[in-house]
Amino acid sequence: MFKNQRAQSNIPNYIILSLLALFALVPIAILFLNSLKTTVEIGRNPIGLPEEIRWENYSEAWKEGGYAITIRNSVLMMSLTIVGSLTIAGFAAYALARLKLRGASLIAFYFLVGTSVPPQLFMVPLFVMWRQIGLINTHLGLIIIYCGLYSPFATYLLRSYMVSLPEEFIEAARIDGANNLQVFRRIILPLSWPGFLTAGLVIGLNVWNEFLFAVTFLPDPSLKPVATSLFEFQGRFSRDWGLTSAGSVIMVIPIIVLFLLLQRRFIEGLTQGGLKG
Amino acid sequence: MLSSRSTATAQKNTSTAFGQYSFWATLGRWSFILPLLILNLIIVIIPSVFGLLLAFTDWSGYGPINIIGFENFNELFQDGVFFKSLTNNLIWTALFLTIPIAVGLLGAYMLSGIKRGQIFFRVAYFLPYVFASVVNTQIWRQILHPRVGIGPILADYGITFLDFPIFGTRETALFGVAFVDGWHFWGFLVILYLSAMTAVDVELYEVARLDGASRFQQFRFVTLPSIRPTLVFTILMITIWSSLVFDYVFIMTGGGPANSSEVMGTYLYQNAFQRFDVGYAASIGVMMSIWVMLAVAGFIYLRRRGWEI
């Protein structure tokens with residue numbers, strides 16, 4: 001694309017880009033290195049290679065941090081939130097993209113308002129409502145909230161996929177006598193799976209990392225997801241740097257693997273939806 | 001623009017009273033979007049309205065609700081801690097509107113000039129953005145720790161400016177937290193700016209170079225004007241997000257020491273869940289909403305004036 005533009009040398013570009021890459025990656029590398037050191041060694045050698053690799057940090061962090069339980073909690077909430085919001089958003093996106101709704105602009109405005117309200121404004125009353133109906137300290141309660149928070153984003157993303165689908169397929173199905181629901185199931189769903197995948201990944205990532213609502217609505221330690229449990233773990237072992245570093249690595253390993261495998265989709269989804277991570 | 005187009009469609013629809021525009025057909029179509037609307041109503045809209053109303057009460061979260069008019073707001077305007085939080089949110093906004101945007105533009109401009117290795121750099125810059133706040137704060141809490149961090153090591157070589165508790169000192173706590181949040185955020189901007197920059201017409205650069213424009217001049221007079229919509233969009237987003245910041249401050253300093261890094265988000269949380277002053281917390285929520293509304297209004301105003309954003 002820039003073939004003609006750069007008669008100039010590329011070397012300065014690469015120098016600056018490499019410095020920026022070091023700035024992004026070195027702190028992450030330090031976390032990984034420190035997760036294999038004893039706390040005493042971190043004090044002596046805070047950023048270098050470990051003298052002696054200490055894998056025990058991981059088994060100990062896994063046990064002390066209760067990861068067997070918290071990962072289960074997180075995965076449960078992630079999967080149900082993904083299924084719930086993609087179902088809701090899939091239907092809504094279909095209606096917005098393909099069915100001629102009167103007042104669609106009103107809906108767009110409604111969601112502009114609905115998604116720019118600060119969470120802090122509605123969080124406290126929501127907490128009171130949830131307490132009233134007994135949804136505090138339940139995974140279901142938080143899953144419903146996550147579905148409410150993330151389905152507008154998913155709708156937006158899926159709608160842009162569905163708008164670009166070729167009209168002929170839908171017309172053909174209609175001529176065969178398919179109703180709206182059948183068109184959705186037979187034509188729209190199979191054709192827009194990349195959109196669903198992207199939206200699902202972003203929602204999963206957000207649930208995995210989410211902090212504010214999790215810390216507020218799930219105070220019970222046995223129900224906590226990884227994020228807020230790690231926060232509490234870090235507080236409990238605040239002097240044990242090797243251990244807490246290992247705990248943090250456990251939390252990011254699945255994200256790094258998924259991100260490296262599907263980076264294009266992650267980046268596309270996260271930069272399109274205007275979600276804050 | 002969006003609204004005028006859909007009004008035209010709506011008028012066309014009303015002219016057909018039967019067939020696919022009958023009552024039942026309309027209801028059928030709306031039923032696809034109803035779950036989304038209802039869920040949003042329950043999770044966001046209704047509690048937000050309650051939030052607005054609670055700001056005019058002295059409710060503790062339990063028991064009777066007394067309406068006290070603008071009492072909370074009177075108190076808020078005389079509350080030194082609230083003033084401190086608001087100032088910190090403004091400082092935060094100023095920091096994020098300058099440093100991450102500058103670094104983001106630099107990274108994106110450099111990236112747009114290369115082909116080899118572009119994917120590696122994109123992934124590297126974006127990686128901190130997908131990490132949880134609890135992890136990123138752990139990374140930097142350790143690196144910048146006064147005892148087990150790089151401060152004491154550098155001090156051995158005579159570099160002393162990091163050899164003190166950055167997050168435990170009043171003058172630096174907020175800046176330290178903003179640095180950590182900014183570290184995880186700038187890569188996101190690189191990607192946004194890069195995709196805007198790759199859409200710029202290459203011929204514009206050629207013309208500029210024929211006129212003898214330096215690299216910086218090309219950036220200033222070709223790149224910047226061409227990516228203005230994206231730039232304005234990120235400015236709007238940063239302005240909104242800076243009023244909502246919570247995670248990084250809550251995790252790293254809890255607003256301390258002595259409220260020196262308090263922001264509206266953490267102060268609201270404290271009032272609602274530690275002091276049980278729900279009414280007061282709600283009034284802080286209203287102030288945050290006003291901030292967001294002003295930002296959105298500015299955005300709409302610019303759009304009305306014909307800015308392409």
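The mean pLDDT of chain A is 88 in this predicted model, and 95% of the residues of chain A reach 70 or more. A stretch with low confidence is found at residues 1-6 of chain A, where the pLDDT is below 50. Beyond near neighbours in sequence, that stretch nevertheless has 10 contacts in the model. The points below treat each chain in turn, then the contact between the chains and the nonpolar core.

**Chain A: overall form**

- Chain A contains 14 helices and zero strands.
- Read from the N terminus, the elements of chain A follow the order α-α-α-α-α-α-α-α-α-α-α-α-α-α.
- The C-alpha trace of chain A spans about 75 × 70 × 35 Å along its principal axes.
- Chain A has 277 residues, and 47% of them count as buried.
- Among the contacts in chain A with a separation of 6 or more, 77% are accounted for by residues 24 or more positions apart.

**Chain A: two domains**

- Chain A is divided into domain 1, covering residues 11-57, and domain 2, covering residues 65-272.
- A distance of 32 Å lies between the C-alpha centres of domain 1 of chain A and domain 2 of chain A.
- Where these two domains touch, domain 1 of chain A provides 10 residues and domain 2 of chain A provides nine residues.
- On the side of domain 1 of chain A that touches domain 2 of chain A, the elements that give two or more residues are helix H1 (11-34) and helix H2 (39-44) of chain A.
- Of these, H1(A) supplies the largest share of that side, with three residues.
- By class, the side of domain 1 of chain A that touches domain 2 of chain A consists of three nonpolar, five polar and two charged residues.

**Chain B: overall form**

- Chain B holds 15 helices and zero strands.
- The radius of gyration of chain B is 25 Å, whereas the globule rule gives 19 Å for 309 residues; the value for chain B is well over that figure, so chain B is more spread out than a compact globule.
- Taken along the principal axes, the box filled by the C-alpha atoms of chain B is roughly 85 × 70 × 30 Å.
- Of the 309 residues in chain B, 44% count as buried.
- When contacts in chain B between residues at least 6 apart in sequence are considered, 66% join residues at least 24 apart.

**Chain B: two domains**

- The division of chain B gives domain 1 (18-71) and domain 2 (72-304).
- The centres of domain 1 of chain B and domain 2 of chain B, taken over C-alpha atoms, are separated by 32 Å.
- The contact between them draws 12 residues from domain 1 of chain B and 12 residues from domain 2 of chain B.
- H3(B) provides three residues, the largest share of the side of domain 1 of chain B that touches domain 2 of chain B.
- That side of domain 1 of chain B is made up of six nonpolar, four polar and two charged residues.

**Where the chains meet**

- In the contact between the chains, 84 residues belong to chain B and 85 residues belong to chain A.
- Helix H3 (residues 34-54) of chain B gives 13 residues, the largest share of the side of chain B that touches chain A.
- The side of chain B that touches chain A comprises 57 nonpolar, 22 polar and five charged residues.

**The largest nonpolar core**

- The largest nonpolar core has 158 residues, of which Ala92(A) and Tyr193(B) touch the most other members.
- Helix H9 (residues 173-197) of chain B makes the greatest contribution to this core, with 16 residues.
- Apart from its neighbours within four places in sequence, Tyr193(B) is in contact with Gly104(B), Leu105(B), Ala108(B), Ile227(B) and Thr230(B).
- As a general background, nonpolar side chains tend to be buried together in soluble globular proteins.

**A residue in helix H12 of chain B**

- Phe233(B) is located in helix H12 (residues 228-244) of chain B.
- Phe233(B) has 16 other C-beta atoms within 10 Å and is therefore partly exposed, because this class lies between 12 or fewer for exposed and 20 or more for buried.
- Phe233(B) and Phe299(B) are 66 residues apart along the chain, and their C-alpha atoms are separated by 8.4 Å.

Key:
Residues are numbered from 1 along each chain as its sequence is written. Chains are lettered from A and ligands numbered from 1 in the order in which they are written. This is a predicted model: local features need pLDDT of at least 70, side-chain atom pairs count only at pLDDT 80 or more; totals for chains, interfaces and linings use all residues. Two residues are in contact if their C-beta atoms, placed from the backbone, lie within 7 Å. Helices (H or I, at least four residues) and strands (E, at least two) are DSSP runs, numbered from the N terminus. Ala, Val, Leu, Ile, Met, Phe, Trp, Tyr, Cys and Pro count as nonpolar, Asp, Glu, Lys and Arg as charged, and the others, Gly among them, as polar. Domain bounds come from an automatic or database domain assignment. The radius of gyration is taken over C-alpha atoms; the globule rule is 2.2 Å times the number of residues to the power 0.38. A nonpolar core is a set of buried Ala, Val, Leu, Ile, Met, Phe, Trp, Tyr and Cys residues joined through C-beta atoms within 7 Å. pLDDT is the predictor's confidence in each residue, from 0 to 100.
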